[in-house]
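User: I've got a protein model open and I'd like to learn how to read it. Can you walk me through it?

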Amino acid sequence: IGGFIGYSSSVIDNCFSWAPVEGNSSVAGFIGHSINTNIINCYSVGNVEGSENTSGFIGIGDSTTVNSSYWLIRSGLTDDYAEGRTWTEMSTVYGTNDSTYIDWDFENIWNRYYANLGPSGPPIFYIGGIVGIEDHEATLPSTIVLEQNYPNPFNPSTKISYLIPNGYSDNVKLQIFNTKGELVKTLVNKKQNSGKYNIEFNALDLNSGMYFYTLKTLNSVTTRKMILLK
């Protein structure tokens with residue numbers, strides 16, 4: 001069981017995991033069991049709990065090479081493959097002046113700024129987000145589209161984007177629910193026209209766990225899940 005993948009025999013580069021991992025054997029923050037795998041520029045920071053072959057990055061590694069990859073140091077964990085780092089050492093400010101993130105592509109792949117916290121944690125992918133409403137009708141889909149929130153997992157805020165097709169002009173409702181189906185927060189509940197929308201959801205007052213966000217329109221309901229990790 002791994003935070004990123006359970007079993008691997010391939011090349012993995014420029015990936016990360018924030019997922020908590022729990023199991024019995026071969027439990028690790030990134031890969032549970034690795035055979036003939038080449039891992040480059042990756043990291044894991046999720047909590048790891050297991051009873052046998054439990055490691056910070058790779059549980060069992062056979063013929064595996066790891067380069068410039070890191071795991072968050074936690075009590076009781078070791079790792080024979082990746083380099084352990086404290087949270088401060090994994091922060092991107094520290095990483096620019098030390099031996100962390102050597103040869104990582106911060107121009108095209110990675111972003112030094114983690115969510116809205118600034119450079120105070122591990123980097124995330126660099127993805128240009130939607131800002132406000134997009135007015136170019138030619139770029140709109142033919143149906144409602146609810147995109148995956150970003151970042152995900154997140155702490156404490158994330159952005160939810162959705163696209164409303166040409167010709168639509170009616171009520172739109174965007175709501176957050178917990179795993180019990182209870183309404184947590186209503187982010188949008190008003191008439192909206194066609195376009196691209198970007199909504200920020202701040203979960204500072206919520207507990208860690210899985211949540212669902214649902215977009216309701218006049219004739220459609222779309223739901224996706226997201227993970228809050230504190």
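User: Let's begin with secondary structure. How many helices and strands are there in the protein?

Analyst: Start by counting elements. Here the protein has 19 strands and two helices. Keep in mind that this is a predicted model.

User: Then what does the pLDDT average over the protein?

Analyst: Look at the average, then at the extremes. The mean pLDDT is 83, and 86% of the residues score at least 70. Strand β18 has the highest confidence, at 95, while helix α2 (residues 92–95) has the lowest among the elements, with a mean of 57. Also mind residues 127–138: the pLDDT there is below 50, and in the model this stretch makes 15 contacts beyond near neighbours in sequence.

User: How do I read the overall packing? What share of the residues count as buried?

Analyst: Take burial, contacts and surface together. Of the 230 residues, 43% count as buried. Among contacts between residues at least 6 apart in sequence, 61% join residues at least 24 apart. The accessible surface comes to about 11600 Å², and carbon and sulfur atoms account for 48% of that.

User: Next, the core. Which residues have the most contacts inside the largest nonpolar core?

Analyst: The general idea: in soluble globular proteins, nonpolar side chains tend to be buried together. In this case the largest nonpolar core has 21 residues, and Y162, L174 and F201 have the most contacts inside it. Two or more residues each come from β16 (157–177), β17 (183–202), β18 (209–216) and β19 (221–228). Strand β16 gives the largest share, seven residues. There is also another core lying apart from this one, with 15 residues, including C42, F57, V66 and W71.

User: Can we zoom in on one core residue? What does L174 touch?

Analyst: Leave out residues up to four places away in sequence, and L174 touches I160, Y162, K185, T186, L187, V188, I199, Y213, T214 and L215.

User: And S157 in strand β16: is S157 buried or exposed?

Analyst: Compare its relative accessible area with the cut-off: buried means under 20%. S157 is buried because its relative accessible area is 5%. The C-alpha atoms of S157 and N202 are separated by 4.2 Å, though the two residues are 45 apart along the chain.

User: Now for holes. How many cavities of 30 Å³ or more does a search of the whole structure find?

Analyst: Check the count, the volume and the lining. The search finds one such cavity, and the largest cavity holds about 30 Å³ of space. Its lining is S44, V45, G46, V48, G56, W71, L72, R74 and L77. You've met W71 already, as one of the residues in the 15-residue core.

User: What about backbone oddities? Where is the peptide bond cis before P151?

Analyst: Read omega for each peptide bond. The bond from Y150 to P151 is cis, with omega near 0 degrees. Another cis bond joins N152 and P153, with omega about 5 degrees. P151 sits in the loop between β15 (145–146) and β16, and P153 is placed in the loop between β15 and β16 as well.

User: And phi? What is the phi of S26?

Analyst: Look for positive values in residues other than glycine. S26 has phi near 55 degrees and belongs to strand β4 (residues 25–28). S68, at about 50 degrees, is not a glycine either; it lies in the loop between β10 (65–67) and β11 (70–72). On burial, S26 has a relative accessible area of 13%, so S26 counts as buried. S68 is buried too, at 17%.

Technical notes: Residues are numbered from 1 along each chain as its sequence is written. This is a predicted model: local features need pLDDT of at least 70, side-chain atom pairs count only at pLDDT 80 or more; totals for chains, interfaces and linings use all residues. Side-chain values use heavy atoms; hydrogens and water are left out. Helices (H or I, at least four residues) and strands (E, at least two) are DSSP runs, numbered from the N terminus. Buried means under 20% relative accessible area, exposed over 50%, partly exposed in between (1.4 Å probe, protein chains only). Contact means heavy atoms within 4.5 Å. Accessible areas come from the Shrake-Rupley method with a 1.4 Å probe; for residues, only the protein chains shown count as cover. A nonpolar core is a set of buried Ala, Val, Leu, Ile, Met, Phe, Trp, Tyr and Cys residues joined through side-chain atoms within 4.5 Å. pLDDT is the predictor's confidence in each residue, from 0 to 100. On a 1 Å grid over the protein atoms alone, a cavity is a set of points where a 1.4 Å probe fits but cannot get out, and a pocket is an open set with protein on both sides within 12 Å along at least five of seven lines; lining residues have an atom within 4 Å of a point. Grid points are joined across faces, edges and corners, and a volume is the space filled by probe spheres set on the points.
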